[in-house]
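Reader: I have a model open and want to go through it step by step. Can you take my questions in turn?

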Amino acid sequence: MPANRFNNFTNYGIGIGLRIPHYTHILSRRPVVDWFEIISENYMVDGGRPLEILDQILEQYKVVQHGVSMYFGSVDPLSREHLKRLKQLVRRTKTPWLSDHLCWGSVDGRYTHDLLPMPYTWEAVEVTAQKIRQVQDFVEVPVVVENVSSYAEFHASEMTEWEFLTEVVERADCGILLDVNNIYVSSKNHTFDPFTYLNFVPAHRVAQIHIAGHSKFEKYILDTHDHPVLPAVWRLYARAIERCGPTATLLEWDDNIPSFEEVHAEALKAKRFLHAAQSSPNGGERAVAAAAKEILEPALAESGAAR
Ligand SMILES: [Fe+2]
């Protein structure tokens, strides 16, 4: 299941996000990394240093594009200019799949530059799925959509978030970038069981998984991407790997970014789950559970409390 038509039949392993503070380390030391995820919008330019760096990275590493401004759920028409630039970058990076978020963020051409949660309605399912199909037809690589973390919900919603995600991807016939940290954050903010969400998602459509750290406040949890993955998220990740198999996984670390080695070491913890799933048939539930225990015990000791 990990290599499927939604990730172009690849088997990419563990990646990390390509971030500016790590450029010098990566280009001078050439560490062994399975793949890098880039934010497409940072490289949709005509030239200059960003593209020079990217070309050097591409000489040695596999790269996957992740977008933050497609706004599949907005009713505004897609920008042809944006799509053309995106396709140029797709040809440059040879990304096997292209991801962006299941959200909205613009009204009448005005952009919020935020990933806003959808109203989970049948009308929104249709609008969103149609847009994803348009993008997929244009860029000519599989498009996968990521579940966002959220802090508000619409009274107009007619279904749960996981039902909405499933309806959209079935109608668009696209893949899923399953962010298990986002599921956890939203489950705490909206009081639902994150395992109910995870168990409902169509596993055969999961092309990639995101893991990340979040911050806990008194009344809500914030998706901050500024520290290691917390034990509760590793537990969800273990369940995701049991269901989906050893799927390409990416650690997001976007604020208070530590050394390259620290970020990479945190990401590589996920490799134990993938090896466990690979090493035994039928998803290797017991092997994945053993890997989870191995990761969780030190993580719980560090955090000082079971979440
Ligand atoms: Fe994510």
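Author: The answers below go from the whole chain to the metal site, then to two helices and two loop residues. Keep in mind that this is a predicted model.

Reader: What radius of gyration does the chain have, set against a compact globule?

Author: The chain has 307 residues, and 57% of them count as buried. The C-alpha trace spans about 50 × 50 × 40 Å along its principal axes. A compact globule with 307 residues would have a radius of gyration near 19 Å, and the chain agrees, with 19 Å.

Reader: How many helices and strands are there, and what share of contacts with a separation of 6 or more joins residues 24 or more positions apart?

Author: The secondary structure comes to 10 helices and 12 strands. Among contacts with a separation of 6 or more, residues 24 or more positions apart account for 79%.

Reader: Which residues coordinate the iron ion?

Author: Along the chain, the donors follow the spacing E-x32-D-x30-H-x41-E. Their distances to the iron ion run from 2.0 to 2.3 Å. The coordinating residues are E146 (OE), D179 (OD), H210 (ND1) and E252 (OE).

Reader: What geometry does the site of the iron ion have?

Author: The angles among the four donor atoms run from 87 to 175°. A tetrahedral site needs all angles between 85 and 135 degrees. The upper value of 175° does not fit that range. The site is classed as irregular.

Reader: Where in the chain do H210 and E252 sit, and are they buried or exposed?

Author: H210 belongs to strand β9 (residues 206–212), and E252 to strand β12 (residues 249–252). The pair links distant parts of the chain, 42 residues apart. As for accessibility, H210 and E252 are both buried.

Reader: What is the end-to-end C-alpha distance of helix α4?

Author: Helix α4 covers residues 122–139, which is 18 residues. At 1.5 Å a residue, α4 should span 26 Å. Its end C-alpha atoms agree with that, at 26 Å apart.

Reader: What covers the buried residues of α4?

Author: The buried residues of α4 include A124, V125, I132 and F138. Cover means contact, with heavy atoms within 4.5 Å. Among the covering elements are α3 (80–93), β4 (98–101), β7 (143–146) and α5 (161–172).

Reader: Which residue follows α4, and is that residue buried or exposed?

Author: The residue after α4 is E140. E140 lies in the loop between α4 and β7. Its phi is positive, about 60°, although E140 is not a glycine. Its relative accessibility is 57%, so E140 counts as exposed.

Reader: K94 also has a positive phi. Is K94 buried or exposed?

Author: K94 is found in the loop between α3 and β4. Its phi is near 55°. At 66% relative accessibility, K94 counts as exposed.

Reader: Which residues does E261 contact, leaving aside its neighbours within four places in sequence?

Author: E261 lies in helix α9 (residues 260–279). With a relative accessible area of 43%, E261 is partly exposed. Its C-alpha atom is separated by 9.5 Å from that of H22, 239 residues apart along the chain. The contacts of E261 are H25 and R29.

Reader: How far apart are the end C-alpha atoms of α9?

Author: The buried residues of α9 include F260, V263, F273 and L274. With 20 residues at 1.5 Å each, α9 should span 28 Å. The end C-alpha distance agrees with this, at 29 Å.

Technical notes:
Residues numbered from 1 in each chain as written. Predicted model: local features only at pLDDT ≥ 70, side-chain atom pairs only at ≥ 80, totals over all residues. Heavy atoms only, no water. Donors = N, O, S within 2.8 Å, 3.2 Å for Na, K, Ca; no water. Tetrahedral: all angles 85-135°; square planar, octahedral: opposite > 155°, others 65-115°. Helix = DSSP H or I, 4+ residues; strand = E, 2+ residues; numbered from the N terminus. Buried < 20%, exposed > 50% of the residue type's maximum accessible area, 1.4 Å probe, protein only. Expected span 1.5 Å × (residues − 1). Rg over C-alpha atoms; globule rule 2.2 N^0.38 Å.
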